[in-house]
Every structure is written in C-alpha cells, then in structure tokens.
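Reader: Got a minute to go through this one with me? I have the sequence and the model open.
Author: Go ahead and pick a place to start.

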Amino acid sequence: MPAEFPDFRLGSVLATSFTGTLSERHGSAVERIPTPQRLVDWLTVNGLAVDSCTTAQLDLARELRESIHAAATAAAIQDPLPASAVHVINDRSARGRAAAVLTPEGKRRWRLSSASCVEDALGVIAADAISIIAGERDGKLALCASPTCRAAFFDTSQSRTRKWCDMNTCGNRQKKARFIAKQRKNPEPAE
C-alpha cells in the first residue's frame with residue numbers, strides 16, 4: 001500500500017473497524033480511505049475484495065461509515081438511534097447481495113455477487129453493524145476515552161471496561177500524556 005496514506009487501524013469487528021477509517025474525529029481528523037482505490041484496499045484487507053470502486057461508491061461507503069458511527073455512538077451512550085443513520089444502514093444492508101459461505105477450514109467468508117460489487121461489500125458491513133447495534137453479539141458498544149478520538153468500538157473484553165478503541169494508538173497516547181504530566185509535576189532532582 002502506498003506510503004503516502006495512513007495505515008489502516010484494523011480491529012476484530014468489521015463495522016467498527018470501518019468507522020475507524022476516519023480517526024481523530026474531534027482533533028485533526030485522519031481520513032484513511034481518501035480515494036476509491038484506498039477503499040478497495042481496505043475491503044481487500046477485510047476479506048471483501050472488489051475489483052474496483054468509483055467515486056460515487058466511495059461516497060456511499062463514507063455515508064455508511066458516518067451512519068454506523070452515529071448509530072453506534074448513540075447506542076453506546078444509550079440515546080435514541082438517529083433515524084437518518086438507521087435508514088442508511090438498513091438501505092445498504094438491503095441492497096447488498098453477499099452470501100456467507102463456509103470455508104474448508106470451518107471459517108465464514110463472504111461471497112459477493114460479483115468481484116467488483118462495492119454495494120455487496122457495504123451490505124456486509126451494514127449487516128455487521130446491525131448485529132452489534134441490535135445487541136445480538138456478546139460485547140458492548142463503547143466510546144474511546146481519548147478526547148480527540150471518541151470512536152465507537154465493540155468491547156468484547158471479559159470485564160467490558162475497555163477504555164480505548166485501540167491500545168496501540170489512543171491508549172498509548174493517553175498513557176504517554178499522563179506520564180509526561182507526572183514528570184512535569186514531580187521532576188527528578190538534579191544530582
């Protein structure tokens with residue numbers, strides 16, 4: 001993947017990983033799918049390979065991403081789901097024609113109706129969002145504790161008390177900030 005683009009932040013939950021293609025929403029936002037080809041790259045990494053993507057399909061994907069983020073955020077704070085977000089998620093789910101298939105290794109894989117059908121891939125992402133927002137899966141929607149991030153994530157930890165969407169980015173950044181603040185407050189005496 002080209003070096004000029006930021007790395008993808010991959011997680012174990014498709015829908016919330018997809019919302020992570022726009023990070024630092026309350027700081028200096030980082031767009032991780034700025035071009036149609038980057039969406040193709042992200043879908044491929046997540047087992048939803050498509051041959052190509054148009055600008056219009058990228059716009060549909062971003063609209064779905066923002067709708068999932070809005071609905072997941074509302075669900076995490078136990079607010080009513082935004083009607084417009086629900087409409088977009090349902091629409092993308094209904095338009096997709098992907099099928100779940102079982103691999104010889106006993107894993108689920110998605111078969112899209114054609115290799116270039118971005119809408120099928122978006123349908124899979126929307127269906128995944130529906131299953132987590134509806135509470136059908138074992139876990140809890142939460143919001144990242146980082147004030148610049150606030151990403152919705154699906155917490156499957158045993159205690160359901162995870163604080164950050166990604167420990168390697170938001171978690172480490174917050175721990176580093178606390179460490180630096182503590183060092184400034186209590187400087188080491190010079191010897």
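Reader: Let's begin with arginine 95. Buried or exposed?
Author: Arginine 95 counts as exposed, at 55% relative accessibility. Keep in mind that this is a predicted model.

Reader: And which side chain does arginine 95 meet in a salt bridge?
Author: That of aspartate 91, with 2.9 Å from N to O. Both residues lie in helix H4, which covers residues 83-95. They are four residues apart, about one turn of the helix.

Reader: Which residues are joined into one network by salt bridges that share partners?
Author: Arg25, Glu31, Arg62, Arg65 and Glu66.

Reader: Back to aspartate 91. How exposed is that residue?
Author: Aspartate 91 is partly exposed, with a relative accessible area of 21%. The cut-off for buried is under 20%, so aspartate 91 does not count as buried.

Reader: What about arginine 92, which residue does that one form a salt bridge with?
Author: Also with aspartate 91; the closest N and O atoms are 3.0 Å apart. Arginine 92 is buried, with a relative accessible area of 8%.

Reader: How many salt bridges turn up in the whole structure?
Author: Ten. One of them pairs aspartate 41 with arginine 38, where the closest N and O atoms are 3.9 Å apart.

Reader: Why does a pair at 3.9 Å count?
Author: The cut-off for a salt bridge is 4 Å between a side-chain nitrogen of Lys or Arg and a carboxyl oxygen of Asp or Glu, so this pair falls within it. In general, side chains of opposite charge can pair when their charged atoms come close.

Reader: Where do aspartate 41 and arginine 38 lie?
Author: Both lie in helix H2, residues 36-45, three residues apart, which is about one turn of the helix. Aspartate 41 is buried at a relative accessible area of 16%, and arginine 38 is buried at 1%.

Reader: Let me step back to the fold. How many helices and strands does the protein have?
Author: Six helices and six strands. In sequence order the pattern is α-β-β-α-α-α-β-β-α-β-β-α.

Reader: What share of the residues is buried?
Author: 40% of the 191 residues in the protein. The accessible surface comes to about 10,700 Å², and 52% of that belongs to carbon and sulfur atoms.

Reader: And the contacts, how many join residues at least 24 apart?
Author: 55% of the contacts between residues at least 6 apart in sequence.

Reader: Changing topic to cysteines. How many disulfides are found?
Author: Zero, in a search of the whole structure. Cysteine 149 is in no disulfide, and the nearest cysteine sulfur, belonging to cysteine 165, is 3.7 Å away.

Reader: Why is that pair left out?
Author: A disulfide needs sulfur atoms within 2.5 Å, and the sulfur of cysteine 165 is 3.7 Å from that of cysteine 149, so the pair does not qualify.

Reader: Is cysteine 149 buried or exposed?
Author: Cysteine 149 counts as buried at 1% relative accessibility. Cysteine 117 counts as buried too, at 10%.

Reader: Now pockets. What volume does the largest pocket have?
Author: About 350 Å³. It is lined by 22 residues, and the closest to its centre are Gly11, Ser17, Phe153, Arg162 and Cys165.

Reader: Which helix and strands each supply at least two residues of that lining?
Author: Helix H1 (14-19), strand S1 (22-23) and strand S6 (152-155).

Reader: Where is the place of threonine 16?
Author: In helix H1. Threonine 16 is buried, with a relative accessible area of 12%.

Reader: Which residues is threonine 16 in contact with, leaving aside neighbours within four places in sequence?
Author: Ile132, Leu141, Ala152, Phe153 and Phe154.

Reader: Last one, lysine 140. Where is that residue found?
Author: In strand S5, residues 140-143. Lysine 140 counts as partly exposed at 39% relative accessibility. Not counting residues up to four places away in sequence, lysine 140 touches Phe153, Phe154, Asp155 and Arg160.

Reader: And what separates its C-alpha atom from that of alanine 76?
Author: The C-alpha atoms of lysine 140 and alanine 76 are separated by 7.7 Å, while the two residues are 64 residues apart along the chain.

Note on methods:
Residues are numbered from 1 along each chain as its sequence is written. This is a predicted model: local features need pLDDT of at least 70, side-chain atom pairs count only at pLDDT 80 or more; totals for chains, interfaces and linings use all residues. Side-chain values use heavy atoms; hydrogens and water are left out. Buried means under 20% relative accessible area, exposed over 50%, partly exposed in between (1.4 Å probe, protein chains only). Contact means heavy atoms within 4.5 Å. Accessible areas come from the Shrake-Rupley method with a 1.4 Å probe; for residues, only the protein chains shown count as cover. On a 1 Å grid over the protein atoms alone, a cavity is a set of points where a 1.4 Å probe fits but cannot get out, and a pocket is an open set with protein on both sides within 12 Å along at least five of seven lines; lining residues have an atom within 4 Å of a point. Grid points are joined across faces, edges and corners, and a volume is the space filled by probe spheres set on the points.
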